[in-house]
Amino acid sequence: TENTFDTYFENDVNNGVVIQVDDNIDAIRMGINPVVVQMEKDQMPMMYQLDKTEEPVQSAGNTLRYPLGQGVALDYTVTSTQVKQNLVIRDQPFFGQEFSGLFGLQEEMLLPHGYAVFDGSSPLQEGQVMKTDESFEIRNVETGELLVNVPAPLVYEADMTKLPGLGQYFIMQIGEHVQITTVIDSEWLMDENRTYPIMIDP
């Protein structure tokens, strides 16, 4: 089957991935400046300190893996209908002090001019934070025409069991820039019954 879109990857993970959905509309750039974060409930995310890694960018089949630090990588898998992004956590994170907040990935997305994340039937207000554990849509602000549907965040344990309802998005848009933070509960991650690696699929 032929892809319904074009995807362009760069050597530097911070530059994100370019997805051309429609030749008549500017491309979307997703996954810009990805950072692993931890956040206390109702507070701003803080960068989670990762040990540096010498691992190179790896590709296998239709998957590209960008190492973000020791034991953590960002995978992109291209299928005929979508680009899947997974944060791969190979080992249990270490939180120095008593921490019972959220853990995950913060990244930026650059939308074509005139498009916005929609909260239900209307565009997200500039600077407003939308919190959801469901899928969300990017539409044309004037016509409401759908450009992209971003699936709900999913979490997978080592045996690839799909665990819906654990992940959540915090989304904020300013101009064409969208900041997306995808997180899961740190207590769930730290449970002694957890089997790693864990994948968060934003």
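Where is Asn11 found? In this predicted model, Asn11 sits in the loop that links strand E1 (6-8) to E2. The residue comes out at 76% relative accessibility, and since the bar for exposed is over 50%, Asn11 counts as exposed. Even so, Asn11 is in contact with Val57 and Tyr66, once its neighbours within four places in sequence are set aside. Gln82 lies 71 residues apart from Asn11 along the chain, and the C-alpha atoms of the two are separated by 21 Å.

Strand E2 itself (residues 17-20) holds Gln20. Buried or exposed, how does Gln20 count? Gln20 counts as buried because its relative accessibility is 19%, with the cut-off for buried set at under 20%. Its side chain also has a polar partner: a polar atom there lies 2.7 Å from the backbone oxygen of Ile25. Ile25 turns up again among the residues that Gln20 touches, together with Phe5, Asp6, Tyr8, Asp26 and Ala27, not counting residues up to four places away in sequence.

Then there is the nonpolar side of things. In soluble globular proteins, nonpolar side chains tend to be buried together. Here, the largest nonpolar core has 43 residues, and the ones touching the most other members are Leu87, Met109, Val117, Phe136, Ile138 and Ile171. Strand E7 (residues 72-78) gives the most to this core, namely 4 residues. As for Phe136, its contacts include Val117 and Ile171, both of which also appear in that list of core members. Leaving aside neighbours within four places in sequence, Phe136 is in contact with Met130, Val148, Asn149, Val150, Tyr169 and Ile180 as well.

Methods: Residues are numbered from 1 along each chain as its sequence is written. This is a predicted model: local features need pLDDT of at least 70, side-chain atom pairs count only at pLDDT 80 or more; totals for chains, interfaces and linings use all residues. Side-chain values use heavy atoms; hydrogens and water are left out. Helices (H or I, at least four residues) and strands (E, at least two) are DSSP runs, numbered from the N terminus. Buried means under 20% relative accessible area, exposed over 50%, partly exposed in between (1.4 Å probe, protein chains only). A polar contact is a pair of N or O atoms within 3.5 Å; within protein, one must be able to donate a hydrogen and the other to accept it, and residues adjacent in sequence count only if both atoms are side-chain atoms. Contact means heavy atoms within 4.5 Å. A nonpolar core is a set of buried Ala, Val, Leu, Ile, Met, Phe, Trp, Tyr and Cys residues joined through side-chain atoms within 4.5 Å.
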